[in-house]
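Please open the structure in your viewer and keep the sequence panel visible beside it. The tour below proceeds by selection, one stop at a time.

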Amino acid sequence: MLHHGRIARASSLAGSSVQDELRRTRNIGIIAHIDAGKTTTTERMLYYSGHTRRIGDVDEGSTVTDFLPAERARGITIQSAAISFQWPPGSAGSVSSEPEGARKSSIPHNINLIDTPGHADFTFEVLRSLRVLDGAVCILDGVAGVEAQTEKVWTQANHYRIPRIAYVNKLDRDGATFNRTVKEIGTRLRGWPAVCQIPWWRAGDRKLCGIGDVIGLRALLWQEGGDGTVIESFSLEQLESKDASLAKELIKARAALVEILSEFDDNMVESFLEHDENHSAIPETDIVASLRRCVLQSPQTVIPVLAGASFRNIGVQPLLDAVVDLLPSPLEAHAPDVSVKGIDGTLPELLSGKLLETAIAAPRKKHKAKGPLPAAATIQNLQGCGLAFKVVNDSKRGILVYVRVYSGSIARGSPVFNTNLSVTERAPRLLRMYGSEAVEIPSIEAGQIGVIVGLKHARTGDTLISYANMSAKAGPPEPLNALQLRPIAVPPPLFFTSVIPNTLSEEKHVEESLEVLLREDPSLNVSKDLESGQTHLAGMGELHLEIARDRLLQDFKARAEIGKIEINYREAIPRSGQPRTVELDREIAGKQARATAVAAVAPRDENITSSDEETAQHIELPDNNVLTVRHPTLDSSGQPFGKEDKPLPPQLSLSILISAIASGTTAALARGPSYSLPLHSTHVIVTLDTNTQLFPDTSSMAVSMATRQAVTATLKASTSETSSAVMEPVMLATISVNESGLGSVVQDLSSARGGQVLSLDGEESTHQEDNSLTIDAQKIYAPPDPWASDTGSSGPGAGVDKTRQITARVPLREMVGYLKHLRSLTGGRGTFIMQVDRFEKVGGQRLKRLLSELRGI
């Protein structure tokens, strides 16, 4: 196993033990398309690191990270799984081998690995994993190349500024082509491929037998049929006598690698000149250091590319070396974004006191308060800060909350304050996960990923902080109690199904089971139809809902009838509705509550004149809805705007009122006036006047209820003459097909499904990022495949039916059950992914058919 450049860095690992531990930590994710061989690669990583004593047989479902029954039954990853191991192996008896001439290191690195799903229906699992990772390995299928789902995940990683390396897998398969895949990395992933390894094709049958290490100018030969632990290393001089063509290509690949690095790293230019412009003379350590600097640049424009065939045990150990050498430690990763009282910044700015001083100074300056700012003392007592990114209901251990700690540490038994819910809970047990197994630990340190057992309230995306001498009721002092790490965005659900308990006695158990499901997976959504009383469960796709249904019935033993999967349509109001005033004066939970609400609505695309921005706040709501809260009698801090204006009741603050108004508005928009569908693209304007609308006994619940009634009333007024328009989701679908099936698929999309083909093979595609690079494939170095000019060859790439990619905009209704039809058109080789592009109005005969279905006719 090669550990490139690690010796050069070992001497720099100085300082405190905590700093040393951080430098030797890698929080990485494995991201890939569902068929790229991700699970196999993960299993080999665990085997070579000594974590498992044998290589799991993926076909028999004995994998470590895919441990759910549904995952083993379907052969896919459904939920992300965290596992920790060391590389290079640090324990005695680990499976390990060092090829002759390899650089050795005695410094093991702790790798926290998250194995993410590859199916498009489980995109949220990938999103919440990316949110807490410092780096990622993108695994590509050497046969299929860069697939549509890979492009989508790559774009998401760009959003979170995650450094990545690419690993081209399955190069032992028929149809594999390293050359084409490397070029697609450049053109489709919008980055310059830095080829660090090239495949070693055996002379004669041209099967993959090893890799050429471009960085170290050596070749690695794996024992055929072995478990991957017997590796023979050949220097460039030795290789010239064994395989002269590979030696020649290695020299050419090294020159291309140095040229790419020189474009983006000035240090590499200096090293190139120091070594008399000889590409091959530049030391391996300099190449690794330059690659690392380029990978850590933001945005990342250089993509290291490695090669292998994990199922044949080829290339996994060098991939692990690259994880340690090229991906960042927590100390080098991008500083996490935070906000305090609406003031945005980074975690280092918070820990330095700068951000807190700004948050404290704003209201003090407004009210002319005097005295020193307590920011330094407040920060000094902050013991730990982390983000809950995943919640799992474990049948043996109870509720497991996965946490990434960003500063300090969270100790076992310490109180933890949830800044999103303003509740304090104690952390009774802490675990480090190894797939489905776990080991208890005394604390979760900064930069590490661990699990807190037994938290009753924590949800995905909640910020958890540990604070010295914190009151269980009051929590940490202001404004630290409002600290928020960057939340995890939840995509909107597209499909729904009804859940009907078999008996009234089962209703409570079904509701509790659904609550657990939602806490585990926030991309699911539960709502209740007020007319029918049915409970609706919504999700990202058909498979997503099928898995949720199976878990509800099989894992939670809920006795309920699950309806057929349907599409989540929307409706949009045709015109503005005049403001409506609702006066609420009733008893709520045994207490009298009064409030008055004034609301108006309009289509979002209408130009609404806004009042003074200082007395108005705009809140984005789901489904492209927006809420404007006008408070003419209050300034932005909640104080009376004029001398004659009344102050807020003591039990209410402006933030509490706005939250209550947003809650009431969201509830009203969940049910449209014409078809009882959720509203889309609606602008709601609520006016809050403390002089006439609030009373001493007004509560936040009363404000929310009054707002809901006022918004509902004006929605009905807007549709008194003309019904709402029905909106349907239109998908941006990317379909990968073999060239022989291209014509039939395009015709089917355009005629039978009413779709619009936007591009072929990504040309002029509208779904790429506007600020992404445009890479010329002719300028990309990629080693030629040995059969490229030999049409009679029987090698892996011979006679390939080229894969083509179609990008089209198609109504979601026409894509239900499409995979089965696509495979019938393409001989079982077609795949596709899709994402919501927009909601569009339905008209003509399609609207009549749809309304008949909605009304059950």
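Select residues 244–264, which form helix 9 of this predicted model. At 1.5 Å a residue, its 21 residues should span 30 Å, and the end C-alpha atoms lie 31 Å apart, so the expected and modelled lengths agree. Now colour the buried residues of helix 9: Leu246, Ala247, Glu249, Leu250, Ala253, Arg254, Ala256, Leu257, Val258, Ile260, Leu261 and Ser262. The list includes charged residues, among them Glu249 and Arg254, as well as Leu246 and Leu250. When reading such a pattern, recall that an α-helix has 3.6 residues a turn, so residues three or four places apart point the same way.

Next, select Gly447, in the loop that connects strand 20 (443–445) with strand 21 (449–453). Is Gly447 buried or exposed? Its relative accessibility is 3%, and because the cut-off for burial is under 20%, Gly447 counts as buried. Which residues does Gly447 touch, leaving aside those up to four places away in sequence? They are Leu22, Thr25, Asn27, Asn112, Pro330, Arg404 and Val405. For one of these, Arg404, display the distance between C-alpha atoms: Arg404 and Gly447 are 43 residues apart along the chain, yet the separation is 7.0 Å.

Proceed to the sheet whose five strands run in the order 30-31-34-33-32; this sheet is open and its pairing is mixed. Strand 30 (577–588) and strand 32 (616–621) are the edges, each pairing on one side only. Ignoring direction, neighbouring strands of the sheet are turned by 25 degrees against each other on average.

Within this sheet, select strand 33 (residues 625–630) together with strand 34 (residues 682–687); the two pair in the parallel sense over five bridges. Val626 can serve as a marker, since it stands opposite His683 in strand 34.

Then add helix 19 (residues 700–718), which packs on the sheet and touches strand 30, strand 31 (591–603) and strand 34. The direction of helix 19 makes about 145 degrees with that of strand 30.

Finally, clear the selection and view the whole protein. Its secondary structure comes to 22 helices and 38 strands, and 55% of its 857 residues are buried. Of the contacts between residues at least 6 apart in sequence, 73% join residues at least 24 apart. With the surface displayed, the accessible area comes to about 36400 Å², and carbon and sulfur atoms account for 49% of that area.

Definitions and conventions:
Residues are numbered from 1 along each chain as its sequence is written. This is a predicted model: local features need pLDDT of at least 70, side-chain atom pairs count only at pLDDT 80 or more; totals for chains, interfaces and linings use all residues. Side-chain values use heavy atoms; hydrogens and water are left out. Helices (H or I, at least four residues) and strands (E, at least two) are DSSP runs, numbered from the N terminus. Buried means under 20% relative accessible area, exposed over 50%, partly exposed in between (1.4 Å probe, protein chains only). Contact means heavy atoms within 4.5 Å. Accessible areas come from the Shrake-Rupley method with a 1.4 Å probe; for residues, only the protein chains shown count as cover. The expected span of a helix is 1.5 Å times one less than its number of residues. Two strands pair if DSSP finds at least two bridges between them. Axes are lines fitted to C-alpha atoms, for helices over the stretch in contact, and angles run from 0 to 180 degrees between N-to-C directions.
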